[in-house]
Every structure is written in C-alpha cells, then in structure tokens.
Protein chains: 2
Amino acid sequence: MPRPSVREQLVDAAAECFHERGYNGTGIQDIARTAGVPKGSVYNHFASKEALAAEVMDRYAVSRKLEMLRDKAVAPVPRLRAHFEYLASDLKQFSFERGCMFGNFGAELSNHSDAMRGKVDSGLTLWTTAVTQVLEEARAAGALMTSLTPDQLGQFLVNAWEGAVLRAKVTRSRTPLDGFFVVFDSFVA
Amino acid sequence: MPRPSVREQLVDAAAECFHERGYNGTGIQDIARTAGVPKGSVYNHFASKEALAAEVMDRYAVSRKLEMLRDKAVAPVPRLRAHFEYLASDLKQFSFERGCMFGNFGAELSNHSDAMRGKVDSGLTLWTTAVTQVLEEARAAGALMTSLTPDQLGQFLVNAWEGAVLRAKVTRSRTPLDGFFVVFDSFVA
DNA sequence: ACCAATAAGACGACCGTTCATATTCTCAGG
DNA sequence: CCTGAGAATATGAACGGTCGTCTTATTGGT
C-alpha cells in the first residue's frame, strides 16, 4: 500500500477552485491551499496547470452521469427529464453560482488552449449523442410532439440547457431552468 | 474641442482583448500594446481594470442594436429573425471564436464582481424584454405557433441563443446557430 | 540503504496600480 | 499677436505581490 497520496485531494481542490473562479482566476497557490498541501507538491503529480485542468474536466464529464440516460428500465421521456432535473439539483447545491463546467471552460479557454476546447467539444458531443438516443426512443414510442428530428432536437436541447444554466448563474436563480422545463414539456410528453 | 484622446482607442483595444482572451486572460499591458499607448497611460482614463471592463460592456450592449427590434416598419417575425441573423453575422466575422460578451463575462465574472454580474444581468434582461415585445406583436398577428406565452418564449429563445453561441464557439462552426434557426422557425412563422 | 514521493524555497516574468516627471494645450494679461 | 502661467494629459519607471514552474534537499516506506 503506497503512502496516502495527495493527488486526489489536488484534483478535488482544483475542481472546486476552477468551477468557482474559473481557470485564469485560479492560481496554483489557491489550489494547493484548498487541498491543504504546499504549493511545490502540485508539480509532483501534474506536469502543468493545464494538465491538472484537463484531469478536472475528465472527472467532471464522468460526474454528469450519462449512464442514467441509458437506463432502459425507465421510460424515455421521464428518464430524460430526470436527467436534467439531476443536473438542476447539482446546480442548486451552490445557489446556481457555479454553472456548468463545460460552459465555463468553453467560454474561457476555447481560444486559449486547443486541447481544452477539444475536451469540452467531445464532452458536449458525447452528452448530446446520449440525449439524442433517448429522443429516438421517445419518437419510437410516439412521445415526441414535434416534427423536428431527434438529432435536431437533441442538439438544440443541450445548447438551450447550457444557455439556461448560464442565465441561472447570472441571475442566481432557478427561474431560467424552470423556463427550460416548460419548453421541454412542450416538446416531449 | 478637447485634445484627441486615446480613451477611445483604449476602449476599442480592451474590447478586442477581453472578447478574445477573456477578462482574467487579458493584462493591462496587452490592452495598452493593442491600443499603441504606454501601459501607464491607461490609468489616466480609467480608475481600474474593472472600470475599463465596465465601459467595454456598456459599449457592447449598445452594439447589439436592440433598436432594430423596435422597427415597426418590418413585420414582427422577419424582424426578429433578422435580428438573430445580424448577431450571427457578427459572430461569423471572427470565425465564431469570440462568442457573445454577455455569455463570456457572465460565465467568467459572475462570482468575481457583483457589479459585472449586474451589468450582464441587466443587459440580458433588456434584450429579453425587447425580444418578448416582438413576440407579443407576432402573437397579435397570429404568427406564434405555440401555446407558450411570449414571455416564456422570449426568455427561452435568448437563453437558447446564448447556448448555441457558446457551442458555436467551442465547435468553431455555424452549425449550432443553424440548429437554433430551425427550431426558431418551428416556433414562429 | 535505496528510491520515489514530498516539501520548501527560489526563479524570472508579469500582474494591477501608483507616482514623479515631462509634455502639451488653453487662455489670460500685456 | 505674443507670451507664459497653470491645468490637463502623457509617460515610463518602479511598487509590492503573485504567477506558473523548477531545483534541491529531505522524508518515509520497503
């Protein structure tokens, strides 16, 4: 058994700092302090700040729980709705202050780092694909009240969600998310 | 008549830098270099970096051309569509790399500066109100193909647009905006 | 005793901001 | 029309601090 490593604590601390203050708004010092380790230790585990951020993004993507979109035990429409409700509850935990890390990093780092832009892109694409697949099930079940294709609708819903989350962050309220659900319900039922 | 001032050049340069690299990603030095003036000159015209950013935001809000949403000479639906098309053409000018400054600053600075968060909030609210008013005209003309209220739809459309713009920034393509227009056309016609 | 993980501090560069100085413009008074 | 005092603006160096990163010495487990 290796000596208890601070690597996990560092990723956790970095996720918290990046999510709250953004990439450029967070210093290595902040992360180290939050993790309770000296600054110099960070580079024992990560080659650079950007490498650390990349790991944070990977973790965040996993935490979106895309598996619940593939759980055939639940009917497609409630399943999709529950997914967005889960994301909403995640946002509410921090009073809607943090927003979605895909959106935050996408806005802040797309022009700074192609690697990061790629990570955000593929994260969003994976998510969109999963949403689209649920919508295809819904269509097969006759639960799609629109002539739009599942693909068109999936792309749009994910983007609309990101926009609503951003607005929720700016207004510090759930209202934009409620607005999303109202329109969501007018599309699928 | 005052001596030709570098103030304008500074705001322009700051807008460019902030839009491209974000607030925390831009240094006073960058702005000064872009404007072609020495670094020290910046503080002759602005009390702080944040004050400069505030001025940039004010300018950006004006440049959104909300007046075109109030031009009763054009029918409401084409008017609204033309508005979003104008925004899209603005984004295309920079290969979709820059995104919307409301979205960028909202994501990056909401937790950093309450003043900035307020500016983004009121900018988006003003915009949303103008959009909603056009939608009310459209409803009166029987051109709204949805049971949603103009207010619900206005809020949603603005948020969905912001999300689409963000996605366009990440993918560096117009595709998400096209997706927005498809759904837009399914709502109003 | 060996070796990887850790800690601590130092690196040069740049951060946002301030200040003392130099320059330029405005406009009285002669 | 000229002059020169005074206000406004421009300048670039310098401030203390923090940035991301690296080097070096020390620690602790096998």
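Ala, Val, Leu, Ile, Met, Phe, Trp, Tyr, Cys and Pro count as nonpolar, Asp, Glu, Lys and Arg as charged, and the others, Gly among them, as polar. Keep these classes in mind for the surfaces beside the DNA. The structure above is a predicted model.

Start with chain A. It has nine helices and zero strands. Read along the sequence, the pattern is α-α-α-α-α-α-α-α-α. The C-alpha atoms of chain A fill a box of roughly 60 × 40 × 30 Å along the principal axes. Of the 189 residues in chain A, 51% are buried. Now consider contacts in chain A between residues at least 6 apart in sequence. Of these, 64% join residues at least 24 apart.

Two loop residues of chain A deserve a look. Ser95(A) is not a glycine, yet it has a positive phi of about 55 degrees. Ser95(A) sits in the loop between helix H5 (76-92) and helix H6 (101-109) of chain A. Its relative accessibility is 40%, so Ser95(A) counts as partly exposed. Arg172(A) is not a glycine either, and its phi is positive, at about 55 degrees. Find Arg172(A) in the loop between helix H8 (150-171) and helix H9 (175-187) of chain A. Arg172(A) is partly exposed because its relative accessible area is 27%.

Next, bring in chain B. How is chain B related to chain A? A rotation of 180 degrees, with 0.0 Å of shift along its axis, superposes chain B on chain A with an RMSD of 0.0 Å. That is the relation of a two-fold axis. The interface fits this picture. Of the interface residues of chain B, 100% are also interface residues in chain A, so the copies meet through the same surface.

Now go inside. In soluble globular proteins, nonpolar side chains tend to be buried together. Here, the largest nonpolar core has 124 residues. Those with the most contacts inside this core are Trp127(A), Trp161(A), Trp127(B) and Trp161(B). Look around Trp127(B), leaving aside its neighbours within four places in sequence. Trp127(B) is in contact with Leu66(B), Leu69(B), His83(B), Phe84(B), Leu87(B), Phe102(B), Val158(B), Trp161(B) and Glu162(B). One of these partners, Trp161(B), is also among the core residues with the most contacts.

Is His19(B) buried or exposed? His19(B) is buried, because its relative accessible area is 12%, and buried means under 20%. His19(B) lies in helix H1 (residues 7-21) of chain B. Beyond its neighbours within four places in sequence, the contacts of His19(B) include Tyr60(B), Arg98(B), Gly99(B), Cys100(B), Met101(B) and Asn104(B).

Turn to the DNA. Which residues come closest to DNA strand C? There are 20 residues around this strand, and the closest are Ser41(A), His45(A), Ile28(B), Tyr43(B) and Lys49(B). That list holds residues of chain A and of chain B. By class, the surface near DNA strand C has six nonpolar, ten polar and four charged residues. Of the strand C atoms within 4 Å of the protein, 61% belong to sugar or phosphate, and the rest to bases.

Some side chains pair with strand C through polar atoms. A polar side-chain atom of Tyr43(B) lies 2.3 Å from a phosphate oxygen. An N or O atom in the side chain of Lys49(B) is 2.6 Å from a phosphate oxygen. Lys39(B) meets a base instead, with a polar side-chain atom 3.3 Å from a base nitrogen. Two elements give two or more residues to the surface near strand C: helix H3 (42-45) of chain A and helix H2 (28-35) of chain B.

DNA strand D has 18 residues around it. The nearest are Ile28(A), Tyr43(A), Lys49(A), Asn44(B) and His45(B). Sugar and phosphate account for 64% of the strand D atoms that come within 4 Å of the protein. By class, this surface has five nonpolar, nine polar and four charged residues.

The polar pairs at strand D involve both chains. A side-chain N or O atom of Lys49(A) is 2.5 Å from a phosphate oxygen. For Gln29(A), the distance to a phosphate oxygen is 3.4 Å. Asn44(B) meets a base, with a side-chain N or O atom 3.4 Å from a base nitrogen. The elements giving two or more residues to this surface are helix H2 (28-35) of chain A and H3 of chain B.

Finish with Asn44(B). Asn44(B) belongs to helix H3 (residues 42-45) of chain B. Asn44(B) is exposed, because its relative accessible area is 61%. That value covers protein chains only. Along the chain, Asn44(B) and Arg7(B) are 37 residues apart, and their C-alpha atoms are separated by 8.9 Å.

Methods
Residues numbered from 1 in each chain as written. Chains lettered and ligands numbered in written order. Predicted model: local features only at pLDDT ≥ 70, side-chain atom pairs only at ≥ 80, totals over all residues. Heavy atoms only, no water. Least-squares fit on C-alpha atoms with pLDDT ≥ 70 in both. Contact = heavy atoms within 4.5 Å. Helix = DSSP H or I, 4+ residues; strand = E, 2+ residues; numbered from the N terminus. Buried < 20%, exposed > 50% of the residue type's maximum accessible area, 1.4 Å probe, protein only. Near = heavy atom within 4 Å. Polar contact = N/O pair within 3.5 Å; in protein donor to acceptor, adjacent residues only side chain to side chain. Core = buried A, V, L, I, M, F, W, Y, C linked by side-chain atoms within 4.5 Å.
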